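Visitor: I should like a close look at the nonpolar interior of this model and at the helices around it. Please take me through it step by step, with the cut-offs stated.

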Amino acid sequence: MLWLCFAVGSAFFAGITAVLAKIGIQKIDSTLATAIRTVVVLVFSWLMVFIVGSQDQISQITGKTLCFLVLSGLSTGASWLCYFKALQLGDVNKVAPIDKSSTVLTILLAFLLLGEPISVPQIFGVLGIGIGTLLMITKKETEEGKPRNKSWLLFAFLSAVFASLTSIFGKIGVENVESNLGTAIRTVVVLAMAWLMVFVEGQQKGIKTIDRKSWVFLFLSGITTGLSWLCYYRALQDGPASIVVPIDKLSILVTIIFSGVVLKINY
C-alpha cells in the first residue's frame with residue numbers, strides 16, 4: 001500500500017503548486033511561465049533519475065512504452081498550457097475545481113480502456129465532485145457578479161480533458177519502466193512542446209521583463225510540480241488509476257486552504 005502514500009503526497013504538492021503558480025504568472029504570459037516552470041521540473045526529475053540510478057534502463061525501454069510516455073507528455077503539455085491560461089484569466093479557487101474534475105473522465109476511461117472496475121463508492125464520489133465543482137463556481141459568481149470574461153472556463157475544461165488523458169497514457173507508459181525515469185522522459189516532451197508554443201507565439205522576449213518575485217514563485221512551483229509528478233507516477237505504477245487519480249485530485253482541498261492563507265481568498 002506504499003502507492004497510497006505516494007498518491008497522498010502527489011495531492012499535497014499539486015495543491016501547493018496551483019497557488020504558487022498563480023502568484024508567479026500574474027505579470028507573465030501563461031505559455032512562457034509554463035515553459036520556464038518545465039525547465040525546473042526537467043532538471044529536478046532527471047536529478048532524481050540519477051539519484052535512484054535508473055538511467056541505465058533507458059536502453060531497455062520498448063517502443064510501446066516510449067510511445068505512451070510521449071503521448072502522456074503531449075497531453076500533460078496541453079493540459080498545462082490550458083490550465084495556466086485559465087489561472088491567468090480566472091480565480092484559482094474556480095479554475096482548480098474544474099481542472100480536478102478530470103477525475104470523472106479518468107475513471108470512465110480507466111473502465112473502458114484499462115478494464116478497471118467502477119465501484120459504488122466511486123460513483124458517489126464522482127457525483128460529489130461534480131456537485132461540489134458546480135457549487136464552488138456558482139457561489140463565487142453569485143458573490144462577484146457576472147464575470148467579464150468567461151474564456152477561463154473553456155481553458156479550465158480543456159485542462160481537465162487533457163489531464164485525464166495524461167493519467168491513462170501515463171498509467172500504461174510507466175508499467176514497464178522505473179517511475180522516476182518515466183517521469184523524466186515525459187518531462188522532455190512537455191518541455192519541447194511548451195517552448196515550441198513560446199516561440200510560435202513570440203513570447204520569448206518577455207523573459208527580460210520577468211521580475212524577481214515572479215522568478216522565485218515560478219521556481220518554487222516547478223519544484224512542487226516535480227515532487228507531485230514523482231509521487232503521482234510512482235503511485236500509478238503500483239496502484240489502480242481509478243483510485244490513484246481521485247486521491248490525487250484531493251489536491252483541491254490543499255489549494256483551497258493554501259489560497260485562503262496565502263491569497264486571502266474568502267469562501
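Guide: A nonpolar core is a set of buried Ala, Val, Leu, Ile, Met, Phe, Trp, Tyr and Cys residues joined through side-chain atoms within 4.5 Å. Buried means under 20% relative accessible area, exposed means over 50%, and partly exposed lies in between (1.4 Å probe, protein chains only). The model is predicted, so local features need pLDDT of at least 70 and side-chain atom pairs count only at pLDDT 80 or more, whereas totals for chains, interfaces and linings use all residues. Residues are numbered from 1 along each chain as its sequence is written, and side-chain values use heavy atoms, with hydrogens and water left out.

The largest nonpolar core has 44 residues. Tyr 83, Phe 84, Leu 87, Val 95 and Val 244 have the most contacts inside this core. Two or more residues each come from α1, α2 (30-52), α3 (63-89), α4 (92-100), α7 (151-173), α8 (179-201), α9 and α10. Helices here are DSSP runs (H or I, at least four residues), numbered from the N terminus. Apart from the 44-residue core lies another, of five residues, including Ile 16, Leu 20, Ile 23 and Phe 217.

Phe 84 offers a first point of entry. Contact means heavy atoms within 4.5 Å. Leaving out residues up to four places away in sequence, Phe 84 touches Ala 21, Ile 25, Ser 30, Thr 34 and Arg 37.

Val 244, another of the residues with the most contacts in the core, also takes part in the packing of α1 against α10. Two packed helices are described by the angle between their axes and the distance between the axes. The axes are lines fitted to C-alpha atoms over the stretch in contact, and angles run from 0 to 180 degrees between N-to-C directions. Helix α1 (residues 2-24) and helix α10 (residues 241-248) pack at about 35°, with axes 8 Å apart. Their crossing is right-handed, which means that the near helix is turned clockwise from the far one by less than a right angle. On the α1 side the contact is made by Trp 3, Leu 4, Ala 7, Val 8, Ser 10 and Ala 11, and on the α10 side by Ile 243, Val 244, Ile 247 and Asp 248. Of these residues, eight are nonpolar, one is polar and one is charged. In that count Ala, Val, Leu, Ile, Met, Phe, Trp, Tyr, Cys and Pro are nonpolar, Asp, Glu, Lys and Arg are charged, and the others, Gly among them, are polar.

Two members of that contact, Ser 10 and Asp 248, also meet Ser 228, a residue of helix α9 (residues 212-238). Ser 228 has a relative accessible area of 7% and is therefore buried. Its side chain reaches the backbone oxygen of Ser 10 at 3.0 Å. Beyond four places in sequence, Ser 228 is in contact with Phe 13 and Ala 14 as well.

Helix α8 brings in further residues. Thr 183 belongs to this helix and is buried at 1% relative accessibility. Among residues more than four places away in sequence, Thr 183 touches Ser 45, Trp 229, Leu 230 and Tyr 233. Val 198 also lies in α8 and is buried, at 0%. The C-alpha atoms of Val 198 and Leu 32 are 5.7 Å apart, although 166 residues separate the two in sequence. Under the same sequence exclusion, Val 198 touches Thr 31, Leu 32, Ala 35, Gln 203 and Gln 204. Phe 199, likewise in α8, is exposed at 52%.

Gln 204 is in the loop between α8 and α9 and is partly exposed at 27%. Leaving aside neighbours within four places, Gln 204 is in contact with Val 198 and Phe 199.

One more packing involves α7. Helix α5 (residues 102-113) and α7 pack at about 40°, with axes 8 Å apart, in a right-handed crossing. The residues of this contact divide into nine nonpolar, four polar and no charged. Phe 111 of α5 is partly exposed, at 42%, and touches Glu 116, Pro 117 and Ile 118, not counting residues up to four places away.

Technical notes
Polar contact = N/O pair within 3.5 Å; in protein donor to acceptor, adjacent residues only side chain to side chain.
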